[in-house]
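Me: I should be grateful for a close look at a single part of the structure shown here. Please give one connected account.

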Amino acid sequence: MAGNSSSPGQSVSGRLLAVLDCFDVAHPSLTLTEIAARADLPLSTARRLIGELVAWGGLERLPDGRHFRIGIRLWRIGSLAPRQRVFSEAAFPFMQDLCEATRENVQLAVLDDGEALCVEKISSRRAVPTATLVGGRLPLHATAVGKVLLAFSPPQVWRDLAAAGLAALTRNTIVQPGRLAAALDAAVEHGVAYSYEEMTLGAVSVAAPIHDGSGRLQGALGIVTHSHLRVDALGPAVRTAALGISRRLS
């Protein structure tokens, strides 16, 4: 029996997952009312499920007594995911070297549900401020890491994105499918992709693909810097670091 729910037929496990899925980088802590609304659950059901998750360690109550956040037990389980652990461990030394050499933001991203998911980030004090956090999501069409993931992924990823429409995030965002397709072709040809103030005014980026030993795309390595700097000059360094990570994964 699914029990009382705004979504008839939803299983107990489905409702538990819906509660956990309420939390993201933009919403790291939520109240009972906010969780119920975001999970589309009655307050009584949300209260019961939250209580069970808190007792298990999947959620924890903040000192104010009203807000909840993801618990340490979920983090501990998530850290066991072998694919992500191996990928991050292979990339981190190269990211550190790249950050020390350039003093810029260095990001590692993977394709996840039609977006670029930031899984690692290193920044220096002089780097351009960015809103991107580990666990944050970036649009595929307006960022360098996103364009790399788009360019080297199966064609269906591109078709789905184009069908959904390309949102204009700044006056420089490429929203014409033909122009974006040309940029993706250039990324495949040269092994790097660029974004020129397409997501955030004042910031430009460059990224390169990371493949495993069988040639499958694993992610993208990118640098975000100030728009007054020559981002194309950073392309060779990013590509070299991405190739190094690919060799380690092989």
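Where is the place of Ala 168? With that settled, please turn to helix H3: which of its residues are buried, and what covers them?

Reply: The model is a predicted one. Ala 168 lies in the loop between helix H7 (155-164) and helix H8 (177-190). Ala 168 has a relative accessible area of 58%, over the 50% cut-off, and is therefore exposed. Leaving aside residues up to four places away in sequence, Ala 168 touches Thr 173 and Val 175. Between the C-alpha atoms of Ala 168 and Thr 45, which are 123 residues apart along the chain, the separation is 39 Å.

Thr 45 leads to helix H3, where it is one of the buried residues, together with Ala 46, Leu 49, Ile 50 and Leu 53. These residues span an arc of only 125 degrees around the axis, so they lie on the same side of H3. In an α-helix there are 3.6 residues a turn, so residues three or four places apart point the same way. The cover over the buried residues of H3 includes H1, helix H2 (32-39), strand E2 (59-61) and strand E3 (67-70).

Helix H1 (residues 12-20) packs against H3 (residues 43-56) at an angle of about 80 degrees, and their axes are 10 Å apart. An angle of 65 to 115 degrees counts as roughly perpendicular, so this description applies to H1 and H3. From H1, Arg 15, Leu 16, Val 19 and Leu 20 meet Thr 45, Arg 48, Leu 49, Ile 50, Glu 52 and Leu 53 of H3. By class, this contact has 6 nonpolar, 1 polar and 3 charged residues.

After H3 comes Gly 57, with a positive phi near 105 degrees.

Conventions:
Residues are numbered from 1 along each chain as its sequence is written. This is a predicted model: local features need pLDDT of at least 70, side-chain atom pairs count only at pLDDT 80 or more; totals for chains, interfaces and linings use all residues. Side-chain values use heavy atoms; hydrogens and water are left out. Axes are lines fitted to C-alpha atoms, for helices over the stretch in contact, and angles run from 0 to 180 degrees between N-to-C directions. Helices (H or I, at least four residues) and strands (E, at least two) are DSSP runs, numbered from the N terminus. Angles under 35 degrees count as roughly parallel, over 145 as roughly antiparallel, 65 to 115 as roughly perpendicular and the rest as oblique. Contact means heavy atoms within 4.5 Å. Ala, Val, Leu, Ile, Met, Phe, Trp, Tyr, Cys and Pro count as nonpolar, Asp, Glu, Lys and Arg as charged, and the others, Gly among them, as polar. Buried means under 20% relative accessible area, exposed over 50%, partly exposed in between (1.4 Å probe, protein chains only). The arc is that of the directions from the helix axis to the C-beta atoms.
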